[in-house]
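Hi everyone, and thanks for coming. I'd like to walk you through a structure that may be new to you, so please have a look at it while I talk.

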Amino acid sequence: MQFHHHGYVSTDPRVQPAAGIGLDRPSELPDEIDVLIVGSGPAGIVAAAQLAQFPNVVTRVVERRDGRLVLGQADGIQARSVETFQAFGFANAIIDEAYQITETAFWSADPEDPSHITRTGHTDDDPNGISEFPHLIVNQARVIDYFAEYARRAPARGDIDYGWEFVDLEVGEGEYPVAVTLREVTGQSGAGINAATADNASVGPTRVVHAKYVIGADGARSQVRRSIGGSLQGSTSLHAWGVMDVLAVTDFPDFRKKCIIHSEAGSILHIPREGNHLARIYVDLGETDENDGGKVRDTPLEAVIAQANAILSPYTLDVRNVPWHSVYEVAHRLTDRFDDAETAPDGKQRVFLMGDACHTHSAKAGQGMNVSMQDGWNLGWKLGYVLEGLSPDSLLQTYSEERRVTAKNLIDFDKEWSTLMAKKPEEFASPKELEEFYVQTAEFPAGFMTEYTESLLTGDNEYQELAAGFPIGKRFKSVRTTRVSDAVDVHLGHHHRADGRFRVYAFADAAGTQLESWANWMLSNTASPLQRFTPLGADIDALFDVKAVFQQEHHGVDISQVSKLFLPLVGPFQLVDYEKIYAAKPGEDIFDLRGISRDGAVVIVRPDHYVSAVLPLSDPAAVAAFFEPIFLAR
């Protein structure tokens, strides 16, 4: 964490200096807005948190509830999401309060007494070291709290405008072409995320605000999606599940472990929750009749508890309290559009959809909130770039291109997973079939199978062999290194904050001269992206955080001989930034672990952690060529 470079700080250093709109942010919703976000769920709040790093962009979030979410449905936090939390500065804090999944136990019908279940095996949650971060369980409301607090502490001082319901929008012309009709709502409870209405809610007058861009993050029944002619398309599985958060007493021995249970009476996905007492239990209610009008959704809580006890036999579950429960049929649906380009008068995207407004699926793979957060992060920095005048609006096309494929892959995976979860014990090819599938596909639900294909933001694989362990289009997998200036061991990727900057890592030999030549070109050549695209008057690293990573250990690097590119002067006092120079850590050599060429390599990582390009250190002009279509010359 860096601070004091704007002057001495004695208060919480996580609160960044206010700038731009954050210096005098109006408390009332303004008539003209750069980005209007509808919905403060995981997708919307992440987009807002990222946009709060762009102080000249007016971003507002409208939410129908009258206050913060109290009881959210989603709770599974995959490791990729925890990496995202690290970028937003609260990974350690949320890990402390969360439940950590370290292994999963598998239970099935006892061959000697099929009316009883028996433990058939267990597997480590991350046996292959996919991430240095754990798999967590924590209330969705707390996740939103953390992102909302981040936005409030960011330069633009973002926040949520409660009590506003989206009614409709119309895209026209002008600087603020999207006319959005909102209705004032009072008394809408924040107790749950599904309720569209509340008995004590009352509606007030409407008003129209004008926006440059609108984000619809307003859930599966998205009114923003409806307003641009979109729909969710897919199918329902005709298989019902009851889900309940319980405080209970039980003799089931794995109550505090994640469990996948198959018995003659049905299946259970059991997930302990934060706080050491609460657990979430998904209970198989069996097949449903497509002609019963959804009658299964009226299944009483007592019947769900009874079914859980039947599945757990010979163990018993004495439920003492149920903070929340629901009954649902698994549905897999994908939107036919992620933006309004199809209907926009000029063919340009002005309205975007994300989260449940785009994709719905079962809850049991723990993907909904996780994929939604990546939707929000993907679009947030791109809008920031375009609105700050740094990038052409063609950059926004990549949002739909990238996230549509990710959502389709998610739906396909979840169909397979949901089918397996609904099987009866006798339908499995072997008792280990589900366990083997769980292990073999672990990288997908953990959030690490997303791979963006060649595009404006993703280069080709011509030089992939120079850094084989950083696959182009996939997330940058961190490795521990040593910061040369103070000999502190740090994960290289943990310094990649959600500040909207590209990272450019130059891997090199400290004894060679190639890095010096590359750095001098980057620092002073008029064709360098630093010279062409860095805003006038801004620090040299305002857009590009350029770091050197040496193959020697830190004592073998003479910091006084390293280019000034890696010792930039920052802030109003032009102080030296000493956090740009790293060395390989003995025993955890990043060059060996990530297959980086000893002849050097350049790895470009975009603001949301995905590897954009791998290039040779011998060709600095290749870096400029990569960034040329992404940024506008200053």
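Let me start with a small puzzle: which residue in β7 is the bridge partner of Ile 77? It is Leu 136. Keep in mind that we are looking at a predicted model. Two bridges join β3 to strand β7, residues 135-137, and the two strands run antiparallel. Step back a little and you find an open sheet of three strands, ordered β3-β7-β4, with antiparallel pairing. β3 (76-77) and β4 (99-101) stand at the edges with a single partner strand each, so one side of each has no neighbour in the sheet.

How far can we trust the model? The average pLDDT of the chain is 92, and 96% of the residues score at least 70. There is a stretch to treat with care, though: over residues 193-199 the pLDDT stays under 50. For that stretch the model has 15 contacts beyond four places in sequence.

Now let's move to strand β14, residues 266-272. Is it covered or open? Mostly covered: seven of its seven residues are buried. Gly 266, Ile 268, His 270 and Pro 272 point one way, while Ser 267, Leu 269 and Ile 271 point the other way. That fits a general pattern: in a regular strand the side chains alternate between the two faces of the sheet.

β14 has company as well. Strand β13 (residues 258-263) is joined to β14 by five bridges, running antiparallel, and the two form a hairpin with two residues between them. Five bridges also join β14 to strand β15, residues 278-287, again antiparallel. This pair makes a hairpin too, with five residues between the strands, and Gly 275 in the turn has a positive phi of about 95°. A good residue to click on is Ile 268: Ile 261 stands opposite Ile 268, and in β15 the bridge partner of Ile 268 is Val 283.

Next, a helix. Helix α1 covers residues 42-51, and ten of its ten residues are buried. Among them are Ile 45, Val 46 and Leu 51. What do these buried residues pack against? The list is β1 (32-38), β2 (59-63), α4 (140-153), β8 (160-162), β11 (202-216) and α7 (368-387).

On to the cores. The largest nonpolar core has 116 residues, and Trp 518, Phe 566 and Phe 627 touch the most other members. Apart from that core lies another, of 25 residues, which includes Ile 117, Ala 240, Phe 252 and Ile 261. You have already met Ile 261, opposite Ile 268 in β14. As for Phe 627, leaving out residues up to four places away in sequence, Phe 627 touches Phe 502, Val 504, Pro 529, Phe 533, Phe 544 and Ile 604.

Finally, the record. An unreviewed UniProt entry annotates residues 450-632 as "domain: Phenol hydroxylase-like C-terminal dimerisation". In the model, the end C-alpha atoms of that span lie 28 Å apart, and the span is 15% helix and 22% strand.

Let me end with His 494, which sits in the loop between β20 (488-491) and β21 (502-508). Why does His 494 count as buried? Because its relative accessibility is 17%, and the cut-off for buried is under 20%. Setting aside neighbours within four places in sequence, His 494 is in contact with Gln 86, Glu 132, Phe 133 and Ser 478.

Thanks for listening!

Terms used. Residues are numbered from 1 along each chain as its sequence is written. This is a predicted model: local features need pLDDT of at least 70, side-chain atom pairs count only at pLDDT 80 or more; totals for chains, interfaces and linings use all residues. Side-chain values use heavy atoms; hydrogens and water are left out. UniProt positions are given in the numbering used here, feature names are shortened, and annotations may be inferred rather than shown by experiment. Helices (H or I, at least four residues) and strands (E, at least two) are DSSP runs, numbered from the N terminus. Buried means under 20% relative accessible area, exposed over 50%, partly exposed in between (1.4 Å probe, protein chains only). Contact means heavy atoms within 4.5 Å. A nonpolar core is a set of buried Ala, Val, Leu, Ile, Met, Phe, Trp, Tyr and Cys residues joined through side-chain atoms within 4.5 Å. Two strands pair if DSSP finds at least two bridges between them. pLDDT is the predictor's confidence in each residue, from 0 to 100.
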